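Trainee: Please take a close look at a single helix for me. Then place it in the wider picture of the model.

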Amino acid sequence: MTALALERAAPGAAGTVRMTYRDAMREAIRAAMHTDTRVFLMGEDVGRYGGCYAVSKGLLEEFGPERIRDTPLSESTFVGAGIGAALGGMRPIVEVMTVNFSLLALDQIMNTAATLLHMSGGQFNVPLVIRMATGAGRQLAAQHSHSLEGLYAHIPGLKVLAPATVADARGMLATALDDPDPVVIFEHALLYNLEQEIAADAGPVPIDRAAVRRAGTDATLITFGGMLGRTLDAADQLAAAGTRAEVIDLRTLRPLDMDTVLASVRKTHRAVIVDEEWRSGSLSAEISARIMEGAFYELDAPVGRVCGAEVPMPYARHMEQAALPQVPQIVDAVRATVGG
Amino acid sequence: MTATAAMPTAPPTAAGDGAHALALLRDMVRIRRLEERCADLYQAEKIRGFLHLYIGEEAVAVGVMQALAADDAVVATYREHGHALARGVSARRIMAEMFGRSTGCSGGRGGSMHLFDAATRFYGGNAIVGGGLPLAVGLALADRMQGRDRVTACFFGDGAVAEGEFHEALNLAAVWRLPVLFCCENNLYAMGTALDRAQAETNLALKAASYRIPAWTVDGMDVEATEHAARTASEAVRAGEGPHLLEFRTYRFRAHSMFDPELYRSREEVEEWKARCPIATFEGRLRQRGLLTDEQAQEIERAASAEVDDAVAFADGAPLEDVATLTRHVYSEAASP
């Protein structure tokens, strides 16, 4: 596995277009539905309402109610129905409004989608894509704001994606739909308005490797999803002060592309993981352990972590912000690592 | 029609000609003998894990399977040996699975609770109570969206009726008018909890009415009644009339699993139900009608016994899966894990 090259707009023959993460996701759904009649979208308010985050706005008019299906508020059953439809030859995209609600469907995701292939001795694979919004930052408090990516990345049988760029929002869905097994896509709610330039003919991207978003030699910053932006900001600040940090966007949280992470750590000898999740048992813990297992003697300092505070997300803005990793903390963590 | 309307009663010759009647009897006997042997093999420690026997409930699976075509789908529970056998999964592959062998119908990775078979569209073998209902809804949705007139039969117990997924799945199937035949096997106990201790309304068919799903209560101890009900309901489902529900009143004669001292029900109650044994009563009825001779009855027993012997020999001689393949089938082979 090799890391994806730097994705500073590499215009194809068709040039570039500027679009939001939300529009890129919608374009990805549209393209998939035009390409493959087996693809359909279902979930709460994906149709007439246009999607809770307006991702599916306009799709009902374009594709009709058979393929853009509003469901009752029955997470467990519409996710389970997605599994059944996948078994029956369709290629469902199931949208779950937020990661917190997905816990109502966790039984179907873990006990059925992730186990069927193995439990049936290889007879029944589940080509299902589940999309859900994740993360904090919109003052939605303790039942709409969490980052539980690691919970899903814990489960064998699933693939877990966290597109952090507009190009990945545009490109990961098609690859996920081509996958014979269940894929969970986490879309950070703060990314929907992110605007970036992507190739006008941008298409599918690999979902099995991390990307080096910024090259550096002094420390490795490892992150994903909604934390990529502020991690890059921290790297900018560090660069201004003479510390060149390499930034790795994991992109795929299961399976983890540790080759890319370890290659970077062998170069920089220092690592800091930025993870919006609660620290205990988070992906940051797993990555830290794997760095220890794979590159212990390369390390010049303990692996650092900047994680979300271990508290149900509070409503008040200053409290919420205090619970989330911020640029100064990332900068401090890198300085502690480099100075140590 | 709803639970309040009477199911058209089965004509006295619902089993049709003698050959069909004998086939119904044969399938029930096959299930009974296979499972009796399973119990012995459990004591002999050839079968391990949880083992849930269907003994007493055979008329439900056998009757319902008569109404299904080869390309229909079946979703079952963890008490599914009978459903698998009646659906056409071989006794050899079922037994090999319980022995944990690689030639078992799930390659030894499923066991008693997770029998699967793609060839007969048998989707398990689900050990999460109620977990199969959404799956059935999705299979039916796929059929609907691809313009196929197939039926998905979904078996579940009275325990599942207490799960949220029962209500969610019935509602969604009804809202989308999907071709699901919901088959509730009401054996009066959710493990050890009696129905009337768990349900405010013990007429389970009545619950379907709140989703505008036609439903009937059926004598689950009478294979002619179960077949007739399943045929009637599945024809309506296949004709596009939306989901239907059948509540089969039945009873398991054995313990819930092999670890159950049966403290929650009386011996008298068990004996009362045993007197309604679906095999013995149907056999008696066929003899009365002159459709079953002693020779035929003996032949059915002999064949079932031979089939079980053969299955056990096959399972005992079957290879174990190479432990080097431990992590196989976590992801599809073509894709990189």
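Mentor: Take helix H8 of chain A in this predicted model. Of its 13 residues, 11 are buried, so H8(A) is largely enclosed by the rest of the structure. The threshold matters here: a residue counts as buried because 20 or more other C-beta atoms lie within 10 Å of its own. At the start of the helix, the buried set includes Val166(A), Ala167(A), Asp168(A), Ala169(A) and Arg170(A). Further along, Gly171(A), Met172(A), Leu173(A) and Ala174(A) are buried, as are Ala176(A) and Leu177(A). Note that Asp168(A) and Arg170(A) are among them.

The helix is also bent. H8(A) covers residues 166-178 and has a kink of about 30°. The kink is centred on Met172(A), itself one of the buried residues.

Now the domains. Chain A is assigned domain 1, 16-199, and domain 2, 211-339. Their centres, taken over C-alpha atoms, are 26 Å apart. Across the contact, 24 residues of domain 1 of chain A meet 23 residues of domain 2 of chain A. On the domain 1 side, helix H7 (149-153), strand S6 (159-161) and strand S7 (183-188) of chain A each give two or more residues. That side has 12 nonpolar, 9 polar and 3 charged residues.

Next, the contact between chains. Chain A brings 38 residues and chain B brings 37. On the chain A side, helix H3 (75-87), helix H5 (106-113) and helix H6 (116-119) each supply at least two residues. H3(A) gives the largest share, 10 residues. By class, the chain A side has 14 nonpolar, 19 polar and 5 charged residues.

Finally, a sheet in chain B. Six strands form an open sheet with parallel pairing, in the order S2-S1-S3-S4-S8-S7. Strand S2 (122-126) and strand S7 (215-219) of chain B are the edges, and each pairs on one side only. From one strand to the next, the twist averages 15°. Inside the sheet, strand S1 (73-77) and strand S3 (152-157) of chain B run parallel, joined by 3 bridges. Val75(B) stands opposite Cys154(B) of S3(B). Helix H9 of chain B, residues 223-238, lies across strand S4 (180-186), S7 and strand S8 (244-249) of that chain. H9(B) runs at about 170° to S8(B).

Conventions:
Residues numbered from 1 in each chain as written. Chains lettered and ligands numbered in written order. Predicted model: local features only at pLDDT ≥ 70, side-chain atom pairs only at ≥ 80, totals over all residues. Contact = placed C-beta atoms within 7 Å. Helix = DSSP H or I, 4+ residues; strand = E, 2+ residues; numbered from the N terminus. Nonpolar A, V, L, I, M, F, W, Y, C, P; charged D, E, K, R; others polar. Domains from an automatic or database assignment. Pairing = 2+ DSSP bridges. Axes fitted to C-alpha atoms, helices over the stretch in contact; angles between N-to-C directions. Bend = angle between axes of the 7 residues up to and from the residue. Buried ≥ 20, exposed ≤ 12 C-beta atoms within 10 Å, placed from the backbone.
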